[in-house]
Amino acid sequence: VILPGRSSASALHRVEVWRENFESYGNRYAREYGVNVSFSAGIASYPNDGDNPMSVFKAADTALYNAKASGKNRVICAGDETIISKHSVLEIPVRN
């Protein structure tokens, strides 16, 4: 998803709202079918996390991998050790 004109902090807030909504509503329907689902996302911005589209995409993909590896159901910004998860902020080391 591309959010033109948004800072990483603004994108983080917007995507966390999506994650919370997915957790509240989407998961309710999945449970009816015995399926467990979660929402993880990685955020990167230009030019802070890359100087071309591919490098920004790679930074976002790495942040997504870190979000999944650190327990899923999280939103993380590239190059940031702050992970948003289930209404709390956790500090953990992030792989580069």
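How much area does the protein expose, and what share of it do carbon and sulfur atoms supply? In this predicted model, the exposed area is about 6,500 Å², and 55% of that area is supplied by carbon and sulfur atoms. The protein has 96 residues, of which 29% are buried.

The secondary structure comprises two helices and four strands. Read from the N terminus, these elements follow the order α-β-α-β-β-β. As for the contacts in the protein with a separation of 6 or more, 44% of them join residues 24 or more positions apart.

The open space of the model may be considered next. Rolling a probe the size of a water molecule over the atoms reveals where empty space remains. The largest pocket holds about 710 Å³ of space. Its lining consists of 26 residues, and those closest to the centre of the pocket are Val1, Ile2, Gly42, Ala44 and Ala60. Three elements each give two or more residues to this lining: helix 1 (8–32), strand 1 (41–43) and helix 2 (53–69). Helix 2 provides the largest share, with six residues. By residue class, the lining of the largest pocket contains 17 nonpolar, six polar and three charged residues.

Attention now turns to the aromatic side chains. Two aromatic rings are described as a pair by the distance between their centres and the angle between their planes. The protein contains one aromatic pair. The ring centres of Phe22 and Phe39 lie 5.9 Å apart and their planes stand at 45 degrees; the pair is therefore tilted, since this class takes in angles that are neither under 30 degrees nor over 60. Phe22 belongs to helix 1, whereas Phe39 lies in the loop between helix 1 and strand 1, so that the pair links distant parts of the chain, 17 residues apart.

Are these two rings buried or exposed? Neither term applies: Phe22 has a relative accessible area of 30% and is partly exposed, and Phe39, at 21% relative accessibility, also counts as partly exposed. The value for Phe39 is to be read against the cut-off, because a residue is buried under 20% relative accessible area.

Arg74 falls on the other side of that cut-off. With a relative accessibility of 13%, Arg74 counts as buried, because the limit for a buried residue is under 20%. Arg74 is located in the loop between helix 2 and strand 2 (75–77). Along the chain, Arg74 and Leu64 are 10 residues apart, and their C-alpha atoms are separated by 8.6 Å.

Terms used
Residues numbered from 1 in each chain as written. Predicted model: local features only at pLDDT ≥ 70, side-chain atom pairs only at ≥ 80, totals over all residues. Heavy atoms only, no water. 1 Å grid on protein atoms, 1.4 Å probe; cavity = no way out; pocket = protein on both sides within 12 Å on 5 of 7 lines; lining within 4 Å. Points joined across faces, edges and corners; volume = space filled by probe spheres on them. Nonpolar A, V, L, I, M, F, W, Y, C, P; charged D, E, K, R; others polar. Buried < 20%, exposed > 50% of the residue type's maximum accessible area, 1.4 Å probe, protein only. Contact = heavy atoms within 4.5 Å. Areas by Shrake-Rupley, 256 points an atom, 1.4 Å probe, with all protein chains shown as cover. Phe/Tyr/Trp six-rings, centres within 6.5 Å; stacked < 30°, edge-to-face > 60°.
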